[in-house]
Amino acid sequence: MANTPQAKKRIRRNGSRTVINKNRVSQIRTKIKAVDTAVEAGDKKAATEALKAVQPELARGVSKGVFHKNTASRKFSRLTKRVAAL
């Protein structure tokens, strides 16, 4: 159990930040799945539009500390390759 005021505040803060971060990751995954479904359907236009929506979300996730920058870069690179292959 936390003894110091800082540790007590950190416990309170961690709970609220966890909810925010989970929502952010969920939103990014949803947008990535939109690209995947468009690629599987063979719809290049929809896949391109979905890819344009994913890129700023991944960048925002990096800036907020949800993803490492290399992880976001890898995900975006692989999605871009899949869309370009259509």
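Q: Is Leu 51 buried or exposed, going by its relative accessibility?
A: Keep in mind that this is a predicted model. Leu 51 sits in helix 2. The cut-off for buried is under 20% relative accessible area. Leu 51 comes in at 10% relative accessibility, so the call is buried.

Q: Which residues is Leu 51 in contact with, once neighbours within four places in sequence are left aside?
A: One partner is Val 35, and the C-alpha atoms of Leu 51 and Val 35 are separated by 6.1 Å although the two are 16 residues apart along the chain. Setting aside neighbours within four places in sequence, the full set for Leu 51 is Val 35, Phe 76, Leu 79, Thr 80 and Val 83.

Q: Which buried residues does helix 2 have, and where do they fall around its axis?
A: The buried set in helix 2 is Ala 47, Ala 50, Leu 51, Val 54, Glu 57, Leu 58 and Gly 61. Looking down the axis of helix 2, these residues fall within an arc of 140°, so they line one face of the helix.

Q: Which exposed residues sit on the face of helix 2 turned away from its buried side?
A: The buried side of helix 2 is covered by elements that include helix 1 and helix 3. Flip to the face turned away from that buried side and you find the exposed residues Lys 45, Lys 52 and Ser 63.

Q: How far apart are the end C-alpha atoms of helix 2, and what span should its residues give?
A: Helix 2 has 20 residues, and at 1.5 Å a residue they should span 28 Å. That agrees with the distance between the end C-alpha atoms of helix 2, which is 29 Å.

Q: Which residue with a positive phi follows helix 2?
A: Look just past helix 2 for a phi near 85°. The residue with that positive value is Gly 65.

Q: What does the side chain of Glu 57 meet in a salt bridge?
A: Glu 57 lies in helix 2, and at 13% relative accessibility it counts as buried. Its salt-bridge partner is 3 residues apart from it in helix 2, about one helical turn. That partner is partly exposed, with a relative accessible area of 39%. With an N to O distance of 2.8 Å, the side chain that Glu 57 meets is that of Arg 60.

Q: Which residues is Glu 57 in contact with, leaving aside neighbours within four places in sequence?
A: The side chain of Glu 57 makes a polar contact with the side chain of Arg 60, but the two are just 3 residues apart, so Arg 60 drops out of this list. What is left for Glu 57 is Gln 27, Ile 28 and Lys 31.

Q: Which residue forms a salt bridge with Arg 82?
A: A search of the whole structure turns up 2 salt bridges. In the one with Arg 82, the closest N and O atoms are 2.7 Å apart, and the partner is Asp 36. Arg 82 lies in helix 3 and Asp 36 in helix 1, so the pair ties together parts 46 residues apart in sequence. Arg 82 is partly exposed at 34% relative accessible area, and also partly exposed, at 21%, is its partner Asp 36.

Q: Where do the buried residues of helix 3 lie around its axis, and what do they pack against?
A: The buried residues of helix 3 are Ala 72, Leu 79 and Val 83. They cover an arc of only 40° around the axis, which puts them on the same side of helix 3. On the other side, Arg 78, Lys 81 and Ala 84 are exposed. The buried residues pack against helix 1 (5-41) and helix 2 (44-63).

Q: Which residues is Leu 79 in contact with, apart from neighbours within four places in sequence?
A: Leu 79 is one of the buried residues of helix 3. With neighbours within four places in sequence left aside, Leu 79 is in contact with Ile 32, Val 35, Asp 36, Leu 51 and Val 54.

Q: Which helix supplies the largest share of the largest nonpolar core?
A: This core has 15 residues, and Val 35, Val 54, Leu 58, Leu 79 and Val 83 touch the most other members. Helix 1, helix 2 and helix 3 each supply at least two of its residues. The largest share, 6 residues, comes from helix 1.

Conventions: Residues are numbered from 1 along each chain as its sequence is written. This is a predicted model: local features need pLDDT of at least 70, side-chain atom pairs count only at pLDDT 80 or more; totals for chains, interfaces and linings use all residues. Side-chain values use heavy atoms; hydrogens and water are left out. Buried means under 20% relative accessible area, exposed over 50%, partly exposed in between (1.4 Å probe, protein chains only). Helices (H or I, at least four residues) and strands (E, at least two) are DSSP runs, numbered from the N terminus. The arc is that of the directions from the helix axis to the C-beta atoms. Contact means heavy atoms within 4.5 Å. A polar contact is a pair of N or O atoms within 3.5 Å; within protein, one must be able to donate a hydrogen and the other to accept it, and residues adjacent in sequence count only if both atoms are side-chain atoms. A salt bridge is a side-chain nitrogen of Lys or Arg within 4 Å of a carboxyl oxygen of Asp or Glu. The expected span of a helix is 1.5 Å times one less than its number of residues. A nonpolar core is a set of buried Ala, Val, Leu, Ile, Met, Phe, Trp, Tyr and Cys residues joined through side-chain atoms within 4.5 Å.
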